[in-house]
Amino acid sequence: MTQRSWAGSDRRGRLPDNWRQLRQAVFARDGWQCVMRAPSGQRCPRPAQECDHITPGDDHSMSNLRSLCTLHHASITGAQGGRRVHKRARMAHPLKRKPEKHPGDPG
Ligand SMILES: [Zn+2]
């Protein structure tokens, strides 16, 4: 997998080719509803409209994705400090640190 079709669009980091399908699958799993909960434990009643990475980065597996409404998504991505979320400055987990370039990546 050394496709670079996403190289031009850095807005959301690198998304997989099947992102749309993945997103639909995450929404379906979560019942097409935002998964955030109020302190009282009540689930957010708004419909799922954004697919959010729980841990920002390149992990696009279902377990790292969740459905959010636009409001919660905006508040969370805003709280992460803006546009360069995929830089994962706050998530410097020693075991998960990877070099920027893949070994097999020419150039
Ligand atoms: Zn919500």
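I began with His60, which is buried at a relative accessible area of 17% (buried means under 20%, exposed over 50%, partly exposed in between, with a 1.4 Å probe and protein chains only). The model is predicted: local features need pLDDT of at least 70, side-chain atom pairs count only at pLDDT 80 or more, and totals for chains, interfaces and linings use all residues. Residues are numbered from 1 along each chain as its sequence is written, and side-chain values use heavy atoms, with hydrogens and water left out.

I placed His60 in the loop between β1 and β2 (65-68) (strands are DSSP runs of E, at least two residues, and helices are runs of H or I, at least four, numbered from the N terminus). Leaving aside neighbours within four places in sequence, I listed the contacts of His60 (heavy atoms within 4.5 Å): Arg14, Leu15, Pro16, Trp19, Leu22, His53 and Leu65.

Next I looked up the zinc ion. Its donors (N, O and S atoms within 2.8 Å of the metal, 3.2 Å for Na, K and Ca; water is not among the atoms, so sites may look incomplete) are Cys34 (SG), Cys44 (SG), Cys69 (SG) and His72 (ND1), at 2.0 to 2.3 Å. Along the chain I read their spacing as C-x9-C-x24-C-x2-H. Cys44 is in the loop between α1 and β1 (50-53) and His72 in helix α2 (residues 70-79), so the pair ties together parts 28 residues apart in sequence. I noted Cys44 as buried, because its relative accessibility is 5%.

The angles came last. The four donor atoms subtend 104 to 115° around the zinc ion, so the arrangement is tetrahedral (for four donors, all angles between 85 and 135 degrees).

Methods
Four donors count as tetrahedral if all angles lie between 85 and 135 degrees; four count as square planar and six as octahedral if opposite donors are over 155 degrees apart and all others between 65 and 115; anything else is irregular.
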